[in-house]
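Biologist: I am new to this structure. Could you take me through it, one question at a time?

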Amino acid sequence: MKAVRKIAPGVGNIQLVDVPLPQIKENEVLMKVWAAGVCGSDLLIQEDKHMYQAPVTIGHEYSGIVVEVGAHVSKVKVGDRIVSDIETSEGWLGVSRDGSYASYMAIPEEQVYVFPPQVSLDHMCFAEPVVATIHSMQERNAVRVGDFVVIVGPGPMGLLGVEFAKLCGAKAVALIGLRDDEKRLDIGRKIGADYILYSDESPEKTILELTGGRGADFVLECSASEKGVQHAIDCARKSPEGRGGNGRISFISLWGEPIRVNLDALSLYQLSVHGSWSWNGRETWERAVDLISRGVLDLDSLLTNRYSLEEWETAFANLRSKQDVKAFIHPNGIDWA
């Protein structure tokens, strides 16, 4: 079969190559890949700015259908529609263990989550980003009912953040982007952002005006930019006295290089800052499966394009140029499931 692989360390070194079909172990299932979501961290692997272990087939956002099960598999059967946790005992799928930019992938049964048959395979492919959203906005640093929320960066994670903040009972959500983010900001308006702000118009001043001078209760920073980090710090609710912690910030970005920001506000205004990567194991994944299965998120609005495996370079380029929000690569085409 064909696979898109990081074939060696260094910048670039990603190629479409021929590889053998996976041979599953007794505790694994073989999944035929429906779609692999293109993620910003895939671009960072291409740029040599993200961890990986080459050679490896990349792609860690996926859904598919089980076509074979190992002899010791007992809870998953052929025909099940599945996603999986990417963190296995033998490495991260799509990072240090072969992932989803290929027709088939082997997955340990203990990482698998089975969806009800009526749930769209497209929606299922958003499972890993939804898991990351739950972790960053509920488990690591929670949005509370009545919060004023700021989302910095209108990429897929930012847009999911808009929707999730509303599910958590946010009073209002402001989405900050750049002038060339108009397509993404339009989607933000559609899915529930109450305010659209531009990075070049001092959005922190507007946030202070909208909140009576307090600042935002919760900020999600997912722009992966130096200026975005500063916006997050400057927009957060200030507590110069008392016990502090009223301005809460979650960082989910990866920058891939050092950045320079003014951190004085972290101390002066007693901000509560949490990094967010990974998740709380099965608990988080089960919550994500439930949310997606109940259809409470508008995921169709986030999916802007589909590509064949042979078009992976175009898919990467279009994500970099912001022509796409979330794009899927379909290694087996889109007519088989």
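What follows is a short exchange on the core, a sheet and one threonine.

Modeller: Keep in mind that this is a predicted model.

Biologist: Which helix gives the most to the largest nonpolar core?

Modeller: The largest nonpolar core holds 64 residues. Ile107, Val130 and Ile151 have the most contacts inside it. Six residues of this core come from the top contributor, helix H3 (residues 127-139).

Biologist: Which residues does valine 130 touch, leaving out those up to four places away in sequence?

Modeller: Val130 is among the residues with the most contacts inside the core. Leaving out those sequence neighbours, valine 130 touches Leu160, Ala288, Leu291, Ile292 and Leu297.

Biologist: Which strands stand at the edges of the three-stranded sheet?

Modeller: The sheet is open, and its order is S2-S1-S4, with antiparallel pairing. An edge strand has a single partner strand, so one of its sides is left without a neighbour in the sheet. That describes strand S2 (14-18) and strand S4 (56-57).

Biologist: What is the bridge partner of lysine 6 in S4?

Modeller: Strand S1 (residues 2-6) and S4 run antiparallel. Two bridges join them. In S4, lysine 6 has as its bridge partner valine 56.

Biologist: Is threonine 57 buried or exposed?

Modeller: Threonine 57 lies in strand S4. Beyond residues up to four places away in sequence, threonine 57 touches several others, including Ala3, Val4, Arg5, Gly94 and Tyr101. Its relative accessible area is 2%. Buried means under 20%, so threonine 57 is buried.

Methods:
Residues numbered from 1 in each chain as written. Predicted model: local features only at pLDDT ≥ 70, side-chain atom pairs only at ≥ 80, totals over all residues. Heavy atoms only, no water. Core = buried A, V, L, I, M, F, W, Y, C linked by side-chain atoms within 4.5 Å. Buried < 20%, exposed > 50% of the residue type's maximum accessible area, 1.4 Å probe, protein only. Helix = DSSP H or I, 4+ residues; strand = E, 2+ residues; numbered from the N terminus. Contact = heavy atoms within 4.5 Å. Pairing = 2+ DSSP bridges.
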